[in-house]
Amino acid sequence: MNTRMRDPERGQKILDVAVTLFAKKGFNAVSLAEIGGAAGIVGSGVYRHFSGKPAILTALFETAIDRLVADLPESEPEEPAECEAAIDRLIDGQVSFAVDTREIAQIYYVENKNVPADDRVRLREKQRAYISGWTRILQGLRPELDEAHALTLVHAAIGGVQSARLHRSGPAKEELRATLKNAAWGVLRG
């Protein structure tokens, strides 16, 4: 009996090629056949891993937000030094997202409307929890901030870091990382 083994890496390969294609052409201009071909399978083979293009897009965004959420500490830091270390880790995660997965950040801002409504709501809930975590930690570091001011600073810091998705020119990666990190800390420290 000849049984075919599925390539366990194929799902990730599909996601990787989808990022490139979506960033280059846009979600609506890319077909499943094109994604499958770039992943080394027929277009219909994509259905073994994803229910369709919106599911691929959702998986890309879910993976990204889950990576960012993983940077939140398991328990709330209590001391200012612990809060500072936690924020430093969160900033590093944002910088890595903006610099290393720039295409996913670009796709998110342009193609989020193509995520199915239920998935979009679920992803937004994860984002809110992530931002809320940042806000509480910043308030632990800077107790003089009320929630509204801390939230504003968190959004400004993250927005500044993610602005890297808008341009390709500029410093080399390591210098860009340092610049974005320093800018985020500058915003958060006020």
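Me: How much of the contacts with a separation of 6 or more, in the protein chain, comes from residues 24 or more positions apart?

Reply: Those far-apart residues account for 71% of them. One thing to keep in mind as we go: this is a predicted model.

Me: Okay. What makes up the secondary structure of the protein chain, and in what order do the elements run?

Reply: There are eight helices and zero strands. Reading from the N terminus, you get α-α-α-α-α-α-α-α. The C-alpha atoms fill a box of roughly 65 × 35 × 30 Å along the principal axes.

Me: Why is the pair Lys-181 and Asp-92 called a salt bridge?

Reply: Check the distance. The closest N and O atoms of Lys-181 and Asp-92 are 2.9 Å apart. The cut-off is a Lys or Arg side-chain nitrogen within 4 Å of an Asp or Glu carboxyl oxygen, so the pair passes. It is one of 15 salt bridges that a search of the whole structure finds.

Me: What does that pair tie together?

Reply: Lys-181 lies in helix H8 (residues 173-189) and Asp-92 in helix H4 (residues 80-100), so the bridge ties together parts that are 89 residues apart in sequence.

Me: Are Lys-181 and Asp-92 buried or exposed?

Reply: Neither label fits. Lys-181 has a relative accessible area of 22%, and Asp-92 has 35%. Buried means under 20% and exposed means over 50%, so both values fall in between and both residues are called partly exposed.

Me: How do you know which label Glu-111 and Lys-113 get?

Reply: Use those cut-offs again. Glu-111 has a relative accessible area of 7%, which is under 20%, so Glu-111 is buried. Lys-113 is at 57%, which is over 50%, so Lys-113 counts as exposed. The side chains of these two residues meet in a salt bridge, at 4.0 Å from N to O.

Me: What links Asp-119 and Arg-122?

Reply: A salt bridge, with the closest N and O atoms 2.9 Å apart. That is within 4 Å, so the distance fits the definition. Both residues lie in helix H6 (residues 117-141), three residues apart, or about one turn of the helix. Arg-122 has 29% relative accessibility, between 20% and 50%, so Arg-122 counts as partly exposed.

Me: Which residues are linked with Asp-119 and Arg-122 in a network of salt bridges?

Reply: The network also takes in Glu-62, Asp-66 and Lys-126.

Me: What makes Gln-94 buried?

Reply: Gln-94 has 1% relative accessibility, and the limit is under 20%, so Gln-94 counts as buried. Gln-94 lies in helix H4. Leaving out residues up to four places away in sequence, Gln-94 touches Leu-68, Tyr-130, Trp-134, Ile-158, Val-161 and Gln-162.

Me: And how do you know whether Leu-145 is buried or exposed?

Reply: Its relative accessible area is 11%, again under 20%, so Leu-145 is buried. Leu-145 is found in the loop between H6 and H7. Leaving out residues up to four places away in sequence, Leu-145 touches Leu-138, Gln-139, Ala-150 and Leu-153.

Me: Which residues have the most contacts inside the largest nonpolar core?

Reply: They are Phe-22, Ile-35, Ile-56, Phe-61 and Leu-188, in a core of 57 residues. H4 gives the most to this core, with nine residues. Take Phe-22: among the residues it touches are Ile-35, Ile-56 and Ile-107. Over the whole protein chain, 42% of the 190 residues count as buried. As background, nonpolar side chains tend to be buried together in soluble globular proteins.

Me: How big is the largest pocket, and what lines it?

Reply: Its volume is about 430 Å³. There are 19 lining residues, and the closest to the centre are Ile-65, Tyr-108, Tyr-109, Gln-127 and Gln-162. The elements that give two or more residues to the lining are helix H3 (53-69), H4, helix H5 (102-111), H6 and helix H7 (147-162). H6 gives the most, with six residues.

Me: How does the lining of the largest pocket split by class?

Reply: Twelve residues are nonpolar, five are polar and two are charged. Tyr counts as nonpolar, so Tyr-108 and Tyr-109 in the lining belong to the nonpolar class.

Definitions and conventions:
Residues numbered from 1 in each chain as written. Predicted model: local features only at pLDDT ≥ 70, side-chain atom pairs only at ≥ 80, totals over all residues. Heavy atoms only, no water. Helix = DSSP H or I, 4+ residues; strand = E, 2+ residues; numbered from the N terminus. Buried < 20%, exposed > 50% of the residue type's maximum accessible area, 1.4 Å probe, protein only. 1 Å grid on protein atoms, 1.4 Å probe; cavity = no way out; pocket = protein on both sides within 12 Å on 5 of 7 lines; lining within 4 Å. Points joined across faces, edges and corners; volume = space filled by probe spheres on them. Core = buried A, V, L, I, M, F, W, Y, C linked by side-chain atoms within 4.5 Å. Contact = heavy atoms within 4.5 Å.
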